[in-house]
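Dear colleague,

Please have a look at the structure placed below, with its sequence, before you read the notes that follow it.

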Amino acid sequence: MKKKIAILASGNGTNAQQISEYLAANSAIEVDCIVYNRRDAYVAQRAAALGIESKYFNRKDFLESSRVLDYLRGRNVDYLILAGFLLLVPPNLLEAYPDKIINIHPALLPNYGGKGMYGHHVHEAVIANHERESGITIHLVDNRYDHGRILFQAKCTLTPLDTVDTLAEKIHILEKTWFPPVVEAFVLGQPMPKPVAFK
């Protein structure tokens, strides 16, 4: 039996597409569906191009009903992967998928996490504090933003010449390189890949 994953996203869906393409040839894992919470999210078009079922749910569906959980259970989803998903995961999903929900964050947690810290907001804070390195953190999801047990981190170095845009590009390369294989290893219960520093 294939392990079924659902990818939860809120926006462009670059990571959702990269994970889906990476796992397409894997006989043990299937990206069953992509769930999104912004009606105009471009991830829906990516899902259509990939031939993957996608479904829109609004904030109320997630936070005040069982509609999302009912949908996931109806599709026999085993794991949830957050890829640019900006809502706090509701208690009913946490209870239904204990230690089976992972998220990626564009910084080295526990630094630069928490509510409102996503995308360029993270990169702006890292640059403003003159950090010498940043990176990505892939972690289990709990009831707090960017807080669960860390599964994997990969780093990149910063120079005084780096800007928010150049840092964002470095982070994007780390995400593309590491998020799909980490998802694969996590779902299959395999050892995490060994990170390599990126200059």
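In helix H1, the buried residues are Asn 15, Ala 16, Gln 18, Ile 19, Ser 20 and Leu 23, and you should keep in mind while looking at them that this is a predicted model. These buried residues of H1 pack against strands E1, E2, E4 and E5 and also against helices H2 and H7. It may help you to recall that an α-helix has 3.6 residues a turn, so residues three or four places apart point the same way.

The neighbour of H1 that I would look at next is helix H2. The axes of H1 (residues 14-23) and H2 (residues 43-50) come within 9 Å of each other and cross at roughly 20°, which makes H1 roughly parallel to H2, since angles under 35 degrees are counted in that way. H1 contributes Thr 14, Ala 16, Gln 17, Ser 20 and Glu 21 to the contact, while H2 contributes Val 43, Arg 46 and Leu 50. Sorted by class, the residues where H1 meets H2 are 3 nonpolar, 3 polar and 2 charged. As for handedness, the crossing in which H1 passes H2 is right-handed.

Now to the sheet. Its strands, 7 in number, form an open sheet with mixed pairing, and their order is E3-E2-E1-E4-E5-E6-E7. At the edges stand E3 (53-56) and E7 (150-157), and because each of these has a single partner strand, one side of each is left without a neighbour in the sheet. On average, and with direction ignored, neighbouring strands of this sheet are turned by 20° against each other. H1 packs on the sheet, where it touches E1 (3-9), E2 (29-36), E4 (79-82) and E5 (101-105), and the direction of H1 makes about 165° with that of E2. In general, strands of a sheet pair through backbone hydrogen bonds, either parallel or antiparallel. Strands E6 (residues 133-140) and E7 run antiparallel and are joined by 7 bridges, and you can find Ile 138 standing opposite Phe 152 in E7.

A further pair of helices is H6 (residues 120-128) and H7 (residues 164-188), which pack at an angle of about 115° with their axes 9 Å apart. On the H6 side the contact is made by His 120, His 123, Glu 124, Val 126 and Ile 127, and on the H7 side by Val 164, Leu 167, Ala 168 and Ile 171. This contact of H6 with H7 has 6 nonpolar, 2 polar and 1 charged residues, and H6 passes H7 in a right-handed crossing.

Finally, three places in the loops deserve a careful look at the backbone. In the loop between E5 and H6 you will find Pro 110, and the peptide bond that leads to Pro 110 from Leu 109 is cis, with omega near 15°. Asp 99, in the loop between helix H5 (91-96) and E5, has a phi near 55°, which is a positive value in a residue other than glycine. The relative accessible area of Asp 99 is 57%, and Asp 99 is therefore exposed, the cut-off for exposed being over 50%. His 130, which lies in the loop between H6 and E6, also has a positive phi, near 55°, although this residue is not a glycine. With a relative accessibility of 69%, His 130 counts as exposed too.

With best wishes

Terms used. Residues are numbered from 1 along each chain as its sequence is written. This is a predicted model: local features need pLDDT of at least 70, side-chain atom pairs count only at pLDDT 80 or more; totals for chains, interfaces and linings use all residues. Side-chain values use heavy atoms; hydrogens and water are left out. Axes are lines fitted to C-alpha atoms, for helices over the stretch in contact, and angles run from 0 to 180 degrees between N-to-C directions. Helices (H or I, at least four residues) and strands (E, at least two) are DSSP runs, numbered from the N terminus. A crossing is left-handed if the near helix is turned anticlockwise from the far one by less than a right angle, and right-handed if clockwise. Contact means heavy atoms within 4.5 Å. Ala, Val, Leu, Ile, Met, Phe, Trp, Tyr, Cys and Pro count as nonpolar, Asp, Glu, Lys and Arg as charged, and the others, Gly among them, as polar. Angles under 35 degrees count as roughly parallel, over 145 as roughly antiparallel, 65 to 115 as roughly perpendicular and the rest as oblique. Two strands pair if DSSP finds at least two bridges between them. Buried means under 20% relative accessible area, exposed over 50%, partly exposed in between (1.4 Å probe, protein chains only).
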